[in-house]
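Hello,

Here is the structure I promised to pass on to you. Have a look at it first, and then read on for my notes.

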Amino acid sequence: MKILVTGASGLLGLNLSLQMHQTHNIIGVDRASLANTPFPLINADLLDADAIQRILDESQPDALIHCAANANVDACELDPSNAAILNAVLPGQLASACSERDIRFLHISTDAVFDGTKDGIYTEDDAPNPLGVYAQTKLDGEYSVLDTNPNATIARVNFFGWSLAGTQSLSEFFVNNLGAGKQINGFDDVYFCPLFVGDLADILIGVLEKSLSGLYHAVGSRAITKYEFGREIAKTFGFDASLIQPISVSDSGLTAKRSQNLRLAVHKLSTALERDIPDFSTGLQKFYTQYQQAYPQKMRSYQQVG
Ligand SMILES: NC(=O)c1ccc[n+]([C@@H]2O[C@H](COP(=O)([O-])OP(=O)(O)OC[C@H]3O[C@@H](n4cnc5c(N)ncnc54)[C@H](OP(=O)(O)O)[C@@H]3O)[C@@H](O)[C@H]2O)c1
């Protein structure tokens, strides 16, 4: 299967492409963040007028995984029109172009479409209620994808791993600060279901190989608070967990509102894939193994200089 991956320099797109390029024909779409990757790249700003037709003409893929987005929750709050174009309008345009060309379209959405007020675990049948610009535009993106391409797949994700810059993910925040012996805060009243990005990559390829369509929650199978997640990272890496202070998200001073309960059920996904969905604990071991094998440095070597 030839797979075109947008957002190939991003946390998900880069990890997925690096992991999958030896077993799948991966082509990344990048707007000049990357160099020397072991998989081919097409250079494009997806907001350029002819970009969608051009990337599809050049790559002729069987499937497209759309990872590009404005995924910075606070930046979206500050620039809602950019967030709307990138997160809501563009996915619909890509989904439509893929439908016309019979290309499978897998769209990446977010767990944050829920407001977190449910007393329990969210399933795909629960009504979303986004709390901020990022979450609203991502939900609008889901609607625009399904409007134009009913055979598309939407995966609502939450994941951790090593990024190109080394400073992007929550997991890197904990490693970088704890490794430097710095005191940091961790929210003890925000629950989420983090999945190791390598496990997510396996799942997304499985979704394409099984030709699943529709909406799926693709998160880790166990919930944890952000504070406890930091402590688990400290334990895995041998750092001092007492450097993490438990605080409430309401004392954080963050720009965008955060949902406090993002426990999502993965039953629909595990049934469709006929396999268990991993939780964060095995993923943290893999994340640590990558650290021991200098994977973060390897990531950085793909950064375009200048
Ligand atoms: N990280 C998480 O835990 C998380 C949680 C829930 C959902 N998600 C969703 O998962 C997906 C991937 O997230 P991520 O964390 O991997 O995001 P990310 O690291 O911020 O990457 C975003 C990617 O989009 C690309 N991009 C942005 N604007 C573009 C444009 N105009 N043309 C071409 N490419 C453009 C960026 O390229 P440049 O390098 O050129 O900027 C980058 O490769 C997103 O849909 C996000 O909403 C992420």
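To begin with the ligand: how far is an oxygen atom of the ligand from an N or O atom in the side chain of Arg-31? The distance is 2.8 Å. Please keep in mind as you read that this is a predicted model.

**The ligand and its surroundings**

Two further polar contacts of the ligand are worth a look. In the side chain of Gln-168, an N or O atom is 2.6 Å from an oxygen atom of the ligand. Ala-69 takes part through its backbone, where an N or O atom lies 3.3 Å from a ligand oxygen. Taken alone, the ligand exposes 910 Å², and the protein buries 85% of that. The elements that each give two or more residues to the shell are α1 (11-20), β5 (104-110) and α5 (133-148). Of these, β5 provides the largest share, with three residues.

In total, 25 residues surround the ligand, and the closest are Ser-9, Arg-31, Tyr-134, Lys-138 and Gln-168. By character, the shell divides into 14 nonpolar, eight polar and three charged residues.

Since α1 belongs to that shell, you may like to select it on its own. Nine of its 10 residues are buried, so α1 is largely enclosed by the rest of the structure. The buried residues are Leu-11, Leu-12, Gly-13, Leu-14, Asn-15, Leu-16, Ser-17, Leu-18 and Met-20.

**Salt bridges**

Now for the charged pairs. Side chains of opposite charge can pair when their charged atoms come close. In this model the count comes to 10 salt bridges, and I picked out three for you.

The first one I chose brings us back to Arg-31, whose side chain meets that of Asp-45 in a salt bridge with an N to O distance of 3.8 Å. Asp-45 lies in the loop between β3 (41-43) and α2 (51-59), and Arg-31 in the loop between β2 (25-30) and β3, so the pair ties together parts that are 14 residues apart in sequence. Are these two partners buried or exposed? Asp-45 is partly exposed because its relative accessible area is 27%, whereas Arg-31, at 59%, counts as exposed. Arg-31 is therefore a residue to click on twice, once for this salt bridge and once for the ligand contact described above.

Next come Asp-199 and Lys-286, which form a salt bridge with their closest N and O atoms 2.5 Å apart. This pair links distant parts of the chain: Asp-199 is in helix α7 (residues 197-209) and Lys-286 is in helix α10 (residues 280-292), 87 residues apart. Asp-199 is buried, with a relative accessible area of 4%, while Lys-286 counts as partly exposed at 38%.

The last pair on my list is Asp-279 with Arg-222, where the closest N and O atoms of the salt bridge are 3.0 Å apart. Asp-279 lies in the loop between α9 (267-273) and α10, and Arg-222 in the loop between β11 (214-218) and β12, so the pair ties together parts that are 57 residues apart in sequence. At 15% relative accessibility, Asp-279 counts as buried; Arg-222, at 39%, counts as partly exposed.

**Two buried polar side chains**

I also noted two residues for their polar contacts. Arg-156 is found in strand β6 (residues 153-157) and counts as buried at 2% relative accessibility. Which side chain does the side chain of Arg-156 make a polar contact with? The partner is the side chain of Glu-142, at 2.8 Å.

Thr-225 is found in strand β12 (residues 224-225). With 6% relative accessibility, Thr-225 counts as buried. A polar atom of the Thr-225 side chain lies 2.9 Å from the backbone nitrogen of Glu-228.

**On the surface**

Finally, here is something for the surface view. Leu-47, Ile-85 and Val-89 make a nonpolar surface patch of about 240 Å². Val-89 is found in helix α4 (residues 80-100) and, at 42% relative accessibility, counts as partly exposed. Residues three or four places apart in an α-helix point the same way, because there are 3.6 residues a turn.

Enjoy looking around, and all the best!

Methods
Residues numbered from 1 in each chain as written. Predicted model: local features only at pLDDT ≥ 70, side-chain atom pairs only at ≥ 80, totals over all residues. Heavy atoms only, no water. Patch = residues over 30% accessible without salt bridge, like charges linked within 9 Å, V, L, I, M, F, W, Y side chains within 5 Å. Areas by Shrake-Rupley, 256 points an atom, 1.4 Å probe, with all protein chains shown as cover. Salt bridge = Lys/Arg side-chain N within 4 Å of Asp/Glu carboxyl O. Helix = DSSP H or I, 4+ residues; strand = E, 2+ residues; numbered from the N terminus. Buried < 20%, exposed > 50% of the residue type's maximum accessible area, 1.4 Å probe, protein only. Near = heavy atom within 4 Å. Polar contact = N/O pair within 3.5 Å; in protein donor to acceptor, adjacent residues only side chain to side chain. Nonpolar A, V, L, I, M, F, W, Y, C, P; charged D, E, K, R; others polar.
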